Amino acid sequence: MTSVSESSGMMFVHSALAALCPHIEWALSRVLGEPVSLQWEPQPLGEGRFRTEFCWQGPAGTGARLASTLHGWDALCFEVTEDPGPGHDGDRWMHTPDLGIFHVQTDSAGNTVVPEDRIRQALETAGTNPFELQREFRLVLGSAWDEELEPFRRAGDDSPVIWLHRVG
């Protein structure tokens, strides 16, 4: 008999149009299997845009389901993290309308874990060109996503965190 381990993480909606906010709550409710009501705050970086963040709990893999549910929505910037647990690594997903979605595995401290094969590929692609190696490593680390999302992260430094707890 296989048991599914529990996991937890964070969801950050950095920027969403007002009309999307209830749809986001409905989508997250479907994934989490319980009603989700979020506290939306104005996003100072965009008129008519809102932000929210909350902690979630669920079976391992819930982070992937949350990110997949919102992936590709127009004008939506978000991040999802899933903490590592027994039998599974941590994960982080970042999404922007311009760049799409990016995923990395993370360790227990939240650091990006780059698989050995991906490092070998970057070295092979770059050859002896140090600028190409730097470009390859920036791709592996998701630097473009971090750069695009960083202003939104800073804009929400003083926002409250909404805690969700599973019932039962």
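**Note on the predicted model: salt bridges, helix pairs and selected residues**

1. The side chains of Arg135 and Glu136 meet in a salt bridge, with 3.1 Å from N to O; the term stands for a side-chain nitrogen of Lys or Arg within 4 Å of a carboxyl oxygen of Asp or Glu. Arg135 counts as partly exposed at 40% relative accessibility, whereas Glu136 is buried, with a relative accessible area of 5%. Here buried means under 20% relative accessible area, exposed means over 50%, and partly exposed lies in between, with a 1.4 Å probe and protein chains only.

2. Before going further, please keep in mind that this is a predicted model, in which local features need pLDDT of at least 70 and side-chain atom pairs count only at pLDDT 80 or more, while totals for chains, interfaces and linings use all residues. Residues are numbered from 1 along each chain as its sequence is written, and side-chain values use heavy atoms, with hydrogens and water left out.

3. As for the overall layout, the protein has five helices and eight strands, where helices (H or I, at least four residues) and strands (E, at least two) are DSSP runs numbered from the N terminus. Read from the N terminus on, the elements follow the order β-α-β-β-α-β-β-β-β-α-α-α-β. Of the 168 residues, 39% count as buried. Among the contacts with a separation of 6 or more, 61% are accounted for by residues 24 or more positions apart, a contact being heavy atoms within 4.5 Å.

4. How many salt bridges does a search of the whole structure find? The search finds 12, and the pairing in point 1 can be read with a general remark in mind: side chains of opposite charge can pair when their charged atoms come close. Another salt bridge joins the side chains of Arg138 and Glu147, at 2.3 Å from N to O. Arg138 is partly exposed, with a relative accessible area of 37%, and Glu147 is also partly exposed, with 47%.

5. Asp146 and Arg153 likewise meet through their side chains in a salt bridge, at 2.8 Å from N to O, and Asp146 is partly exposed, with a relative accessible area of 22%. These two residues belong to a network of salt bridges that links Glu79, Arg92, Asp146, Glu150, Arg153 and Arg154.

6. The next point concerns a pair of helices. The axes of helix α3 (residues 116-126) and helix α4 (residues 130-141) come within 8 Å and cross at roughly 150°, where axes are lines fitted to C-alpha atoms, for helices over the stretch in contact, and angles run from 0 to 180 degrees between N-to-C directions. That makes α3 roughly antiparallel to α4, because angles over 145 degrees count as roughly antiparallel, under 35 as roughly parallel, 65 to 115 as roughly perpendicular and the rest as oblique. The crossing of α3 past α4 is right-handed, a name used if the near helix is turned clockwise from the far one by less than a right angle, and left-handed if anticlockwise.

7. Which residues bring these two helices together? From α3 come Arg118, Ala122, Leu123, Thr125 and Ala126, and they meet Glu132, Leu133, Glu136, Phe137, Leu139 and Val140 in α4. By class, this contact has seven nonpolar, one polar and three charged residues; Ala, Val, Leu, Ile, Met, Phe, Trp, Tyr, Cys and Pro count as nonpolar, Asp, Glu, Lys and Arg as charged, and the others, Gly among them, as polar. Glu136, the buried partner in the salt bridge with Arg135, is one of the α4 residues in this contact.

8. Helix α1 (residues 21-32) and α2 pack at an angle of about 150°, with their axes 10 Å apart, and that makes α1 roughly antiparallel to α2. α1 passes α2 in a right-handed crossing. In this pair, Ile24, Ala27, Leu28, Val31 and Leu32 of α1 meet Thr62, Arg65, Leu66, Thr69 and Leu70 of α2, and the residues of the contact divide into seven nonpolar, two polar and one charged.

9. Two single residues are worth finding in the structure. Ser15, in strand β1 (residues 6-17), is buried, with a relative accessible area of 2%, and, leaving aside residues up to four places away in sequence, Ser15 touches Gln43, Arg49, Phe50, Ala75, Leu76, Cys77 and Phe152. Leu141 lies in helix α4 and is partly exposed, with a relative accessible area of 38%; with the exclusion of residues up to four places away in sequence, Leu141 touches Phe102, Thr112, Val114 and Asp146. The C-alpha atoms of Leu141 and Phe102 are separated by 9.4 Å, although the two are 39 residues apart along the chain.
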